[in-house]
Amino acid sequence: MKENEINARLMNLTALCAKYCAAVENCQESEQEEFVKEMLDYLPRIYLEFSDIEAEEVAPGLEFEYFPTYVDEDFYESVRRNVEILMGENDTFLETFEEDMKYSDTPVAASVSESLADIFQPLYNFISVVKDSEGENAGGAFAECKENFEGYWSQTLCNVMRALNHIRYKG
């Protein structure tokens, strides 16, 4: 892929992540049905882009570095709590991919709000680094976020999509 194509995809991904973060951060202004629909629009596209774009394409030869964290515990908890309030009784779902399920006779519950906040945190950090560096650190910020995607939040994203899909279409 050519450098200008990669940069365009990275900027489009940054914009998509910003829309996701804004929707999650301002969820108290939404109705549950609209919020769920919005999440089911953003999450598959975020997954596809993070799966498809390779860090080496975006930041060839870049030495990996860790960037500042913009989401502290209070900010995270505020975001999580607002989603929890919006989702109400639909916040809890059964998690089948939880490691503890292998050793448990009882179902393991997960929450939409915690899942969405767990995705929000690395994406908000990513877009904040891009914004604060005026795009200068976009490649490195993407590489860090991609590493976290592969190691942690990609599975969370898939799991919460299943739960959101059930909420939207359970009829």
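The legends below describe close-up views of a predicted model of one protein chain.

**Figure 1. Overall fold of the protein chain.** The protein chain contains 6 helices and 2 strands. Read from the N terminus, the order of its elements is α-α-α-α-β-β-α-α. Of the 171 residues in the protein chain, 44% are buried. The accessible surface of the chain is about 9,700 Å², and carbon and sulfur atoms account for 46% of that surface. When contacts in the protein chain between residues at least 6 apart in sequence are taken, 79% of them link residues at least 24 apart.

**Figure 2. Packing of helices H2 and H6.** Helix H2 spans residues 32–52, and helix H6 covers residues 138–169. The axes of H2 and H6 lie 9 Å apart and make an angle of about 145°. The crossing of H2 with H6 is left-handed. Sorted by class, the residues in the contact of H2 with H6 are 18 nonpolar, 4 polar and 3 charged.

**Figure 3. The aromatic pair Phe149 and Trp153 in helix H6.** Pairing requires ring centres within 6.5 Å, and by this rule the model has 10 aromatic pairs. In the pair of Phe149 and Trp153, the ring centres are 4.9 Å apart and the planes meet at 70°, so the pair is edge-to-face; the cut-off for that class is over 60 degrees. Phe149 and Trp153 are 4 residues apart in helix H6, so about one helical turn separates them. Both Phe149 and Trp153 are buried.

**Figure 4. The aromatic cluster around Phe149 and Trp153.** Six side chains are labelled in this view: Tyr47, Phe50, Phe126, Phe142, Phe149 and Trp153, which form one aromatic cluster. Tyr47 and Phe50 fall within the range of helix H2, residues 32–52. Phe126 falls within the range of helix H5, residues 112–132. Phe142 falls within the range of helix H6, residues 138–169, as do Phe149 and Trp153.

**Figure 5. Surroundings of Ser113 in helix H5.** Ser113 belongs to helix H5, which runs over residues 112–132. The relative accessible area of Ser113 is 0%, so this serine counts as buried; the cut-off for buried is under 20%. Leaving out residues up to four places away in sequence, Ser113 is in contact with Arg80, Val83, Glu84 and Asp91.

Terms used
Residues numbered from 1 in each chain as written. Predicted model: local features only at pLDDT ≥ 70, side-chain atom pairs only at ≥ 80, totals over all residues. Heavy atoms only, no water. Phe/Tyr/Trp six-rings, centres within 6.5 Å; stacked < 30°, edge-to-face > 60°. Buried < 20%, exposed > 50% of the residue type's maximum accessible area, 1.4 Å probe, protein only. Contact = heavy atoms within 4.5 Å. Areas by Shrake-Rupley, 256 points an atom, 1.4 Å probe, with all protein chains shown as cover. Axes fitted to C-alpha atoms, helices over the stretch in contact; angles between N-to-C directions. Left-handed = near helix turned anticlockwise from the far one by under 90°. Nonpolar A, V, L, I, M, F, W, Y, C, P; charged D, E, K, R; others polar.
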